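Take a moment to turn the structure around and get your bearings. We will begin with the ligand and what surrounds it, then step back to the whole chain, and finish with a few residues.

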Amino acid sequence: MKRIGMLTSGGDCQALNAAMRGVVKALLNGEEQVEIYGFEEGYRGLIYGNYRMLTGRDFAGILTKGGTILGTSRTPFKLMREPDENGLDKVEAMKHNYYKLNLDCLVILGGNGTHKSANMLKGEGLNIVTLPKTIDNDLWGTDMTFGFQSAVNIATDAIDYIHTTAASHGRVFIVEVMGHKVGWLTLNAGIAGGADIILIPEIPYDIKKVVNAIEKRKKNGSSFTILAVAEGAISKEDTKLSKKELKEKHKNAKYPSVSYEIAAKIQEKTGQEVRVTVPGHTQRGGSPCPYDRVFATRLGTEAAKLIKNGEYGYMIGIKNRELVKVPLEEVAGKLKMVSPDASIVQEAKAVGIKFGD
Ligand code: F6P
């Protein structure tokens, strides 16, 4: 008999349910009996002992369902070692609940912050297997995270829709794409949607270059320009600011996000009408795309394999299309960023996309 705990932590994304279904179906298909405990709302459920026992039936019909049947929450890693408002030691509480249920393993689905906490629990002696989720695709140790391709589809759709209206009005349009501090989502959706300019955090932009690119397009007969701007895009100027100064700037910002600041500058310098579209959390919503359904199912079955073999302390990732197990300490605390020299950036430049650099 194996007793498995499971939780989803951090921002949700598509295919969390598909991944959990993959784990559970593959475990239940084995010889050994399995009991599954689902912790509610991420680490919070593990800390406060909020869990429910789940059966195979709970995982039926959820392959295509967005969100997470367990709920999720953000429990910042830096606060894990701090007692809660009632003085509860969160780490000890998590260990207590793990041992109380006599778990063999905890399956944790999450992104960057989640992996720091998962690695910490590994260090505390718990058996952990993790699966890489995030629309940002910024997890170290895997070429791909599930949720990413679904989000690329949605952000691309947003750019596609903007194309027709931008062309009719001859306006400049900015589509602001999620991705936190990395540009994978913006880069992929920008190329797929035929954006003229892509601004990502890894390639700081010079507003003069952005303006020049827009004006050049106009001179060459294109009445409109579409920019795909990452929510974390940063100007060359701002890279010179210290962390503290940047924080201060954001605190006092008169614009709701970087795109509005860029829009104001473009409007001022070109005289062209600029509009901003922010698809926001729609990028994390809805059904997982077929790629993510397949990918999450594969990851889930591989997690089940590790659990059956008693191999713990790994994230399952994918490298060159093959599933790999990566020690948690190699994943935790590292971001996978877009390299400005990456071939995909060069290929985008080759078709005329400007990056403002
Ligand atoms: O990490 C996923 C993500 O959607 C990021 O792209 C974005 O910056 C962030 O989460 C938004 O967080 P929240 O849902 O807490 O507003």
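In this predicted model, the ligand is surrounded by Arg74, Ile135, Asp136, Met178, Gly179, His180, Glu231, His281 and Arg284. This shell divides into two nonpolar, three polar and four charged residues. Some of these residues make polar contacts with an oxygen atom of the ligand, and the table gives three such contacts.

| Residue | Atom of the residue | Distance to an oxygen atom of the ligand |
|---|---|---|
| Asp136 | polar side-chain atom | 2.7 Å |
| Gly179 | polar backbone atom | 3.0 Å |
| Glu231 | polar side-chain atom | 2.5 Å |

How much of the ligand's accessible area does the protein cover? On its own the ligand has 400 Å² of accessible area, and the protein covers 72% of that.

**The chain as a whole**

Now zoom out. The protein chain has 13 helices and 11 strands. Its C-alpha trace spans about 70 × 40 × 30 Å along the principal axes. A compact globule of 357 residues would have a radius of gyration near 21 Å, and the 22 Å of this chain agrees with that.

What share of the residues is buried? Of the 357 residues in the protein chain, 52% count as buried. The surface that the chain exposes comes to about 16100 Å², with carbon and sulfur atoms supplying 49% of it. You can also ask how far apart in sequence the touching residues are. Among contacts with a separation of 6 or more, 74% are between residues 24 or more positions apart.

**Helix α3 and its surroundings**

Helix α3 covers residues 90-100. At the N-terminal end of α3, Asp89 acts as a cap: one of its side-chain oxygens lies 3.2 Å from the backbone nitrogen of Val91. Val91 is also one of the buried residues of α3, along with Lys90, Ala93, Met94, Lys95, Asn97 and Tyr98. What covers these buried residues? The cover includes α2 (43-48), β4 and α4 (112-123).

After α3 comes Asn102, which has a positive phi, near 55°. Asn102 sits in the loop that leads from α3 to β4 (105-110). Is Asn102 buried or exposed? Its relative accessibility is 52%, and because exposed means over 50%, Asn102 counts as exposed. Try finding Thr130 as well: Asn102 and Thr130 are 28 residues apart in sequence, and their C-alpha atoms are 19 Å apart in space.

**Two buried residues**

Look next at Ser73, in the loop between β3 (51-54) and α3. With a relative accessible area of 7%, Ser73 is buried, because the cut-off for buried is under 20%. Its side chain reaches the backbone oxygen of Glu41 at 2.7 Å. Leaving aside residues up to four places away in sequence, Ser73 touches Ser9, Gly10, Glu41, Gly42 and Arg44.

Thr156 offers a second example, this time inside a helix: α5, which covers residues 148-169. Its relative accessible area is 10%, so Thr156 is buried too. Which residues does Thr156 touch, not counting those up to four places away in sequence? They are Ala189, Ala192 and Gly193.

Key
Residues are numbered from 1 along each chain as its sequence is written. This is a predicted model: local features need pLDDT of at least 70, side-chain atom pairs count only at pLDDT 80 or more; totals for chains, interfaces and linings use all residues. Side-chain values use heavy atoms; hydrogens and water are left out. A residue is near a molecule or strand if one of its heavy atoms lies within 4 Å of it. A polar contact is a pair of N or O atoms within 3.5 Å; within protein, one must be able to donate a hydrogen and the other to accept it, and residues adjacent in sequence count only if both atoms are side-chain atoms. Accessible areas come from the Shrake-Rupley method with a 1.4 Å probe; for residues, only the protein chains shown count as cover. Ala, Val, Leu, Ile, Met, Phe, Trp, Tyr, Cys and Pro count as nonpolar, Asp, Glu, Lys and Arg as charged, and the others, Gly among them, as polar. Helices (H or I, at least four residues) and strands (E, at least two) are DSSP runs, numbered from the N terminus. The radius of gyration is taken over C-alpha atoms; the globule rule is 2.2 Å times the number of residues to the power 0.38. Buried means under 20% relative accessible area, exposed over 50%, partly exposed in between (1.4 Å probe, protein chains only). Contact means heavy atoms within 4.5 Å.
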